[in-house]
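Me: I'd like to learn how to read a few features of a protein model. Can we go through one together?
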Amino acid sequence: MRREPYGCPAGQAAYYGRGPIQLSWNFNYKAAGDALGLDLLNNPWLVERDASVSWRTGLWYWMTQNGPGTMTGHSAMVNGRGFGETIRSINGALECDGRNPAQVQSRVNAYQRFTQILGVPAGNNLTC
């Protein structure tokens, strides 16, 4: 975990993955809270206890954060970079470039199940 001047006021173990995009790390909780006008650094549990906060943090990340990728998940999908680029943007530092191929394949399989249920094409570039 990178060191930030504000530290981990809720405790080092408090910044685990929560919400639809699994917001993790103190710096993401701080940035999401700042953007949404919430004190998520001191109260990260809001993301799991309040459905509105949970979805707002997920949408904030999807629309504004590159993570370890070069673009947001939203940009990857609307600009034809594909589902694989969303994996890179959300969790690429842990999963892409051969780091965890089984997890990447599990995500691709789930994505393909959902596209099949919705009756839409999965598109190209499914892996990172």
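Me: Is L118 buried or exposed, and why?
Reply: Keep in mind that this is a predicted model. The idea is to compare relative accessibility with a cut-off: over 50% counts as exposed. L118 comes out at 63%, so it is exposed. You'll find L118 in helix α6, which covers residues 101–118.

Me: Which residues form a nonpolar patch on the surface with L118?
Reply: F114, I117 and V120 join L118 there, and together the four have about 460 Å² of accessible area.

Me: Okay, rings next. How do I read an aromatic pair?
Reply: You describe a pair of aromatic rings by how far apart the centres are and by the angle of the planes. Searching the whole structure turns up three aromatic pairs. Take F83 and Y111: their ring centres are 4.0 Å apart and the planes sit at 10 degrees, so this pair is stacked. Because F83 lies in helix α5 (residues 83–95) and Y111 in helix α6, the pair ties together parts 28 residues apart in sequence. Both F83 and Y111 are buried.

Me: Which residues lie over the face of a ring?
Reply: Look at R18, which lies over the face of Y16, 3.7 Å from the ring centre. K30 does so with Y6, at 5.7 Å from the ring centre.

Me: And how many residues make up the largest nonpolar core?
Reply: There are 12 residues in all, including I21, L40, V53 and W60. Helices α1 (26–36) and α3 (51–64) each supply at least two of them. The most comes from α3, which gives three residues.

How values were computed
Residues numbered from 1 in each chain as written. Predicted model: local features only at pLDDT ≥ 70, side-chain atom pairs only at ≥ 80, totals over all residues. Heavy atoms only, no water. Patch = residues over 30% accessible without salt bridge, like charges linked within 9 Å, V, L, I, M, F, W, Y side chains within 5 Å. Areas by Shrake-Rupley, 256 points an atom, 1.4 Å probe, with all protein chains shown as cover. Salt bridge = Lys/Arg side-chain N within 4 Å of Asp/Glu carboxyl O. Helix = DSSP H or I, 4+ residues; strand = E, 2+ residues; numbered from the N terminus. Buried < 20%, exposed > 50% of the residue type's maximum accessible area, 1.4 Å probe, protein only. Phe/Tyr/Trp six-rings, centres within 6.5 Å; stacked < 30°, edge-to-face > 60°. Lys NZ or Arg CZ within 6 Å of the ring centre and 35° of its normal. Core = buried A, V, L, I, M, F, W, Y, C linked by side-chain atoms within 4.5 Å.
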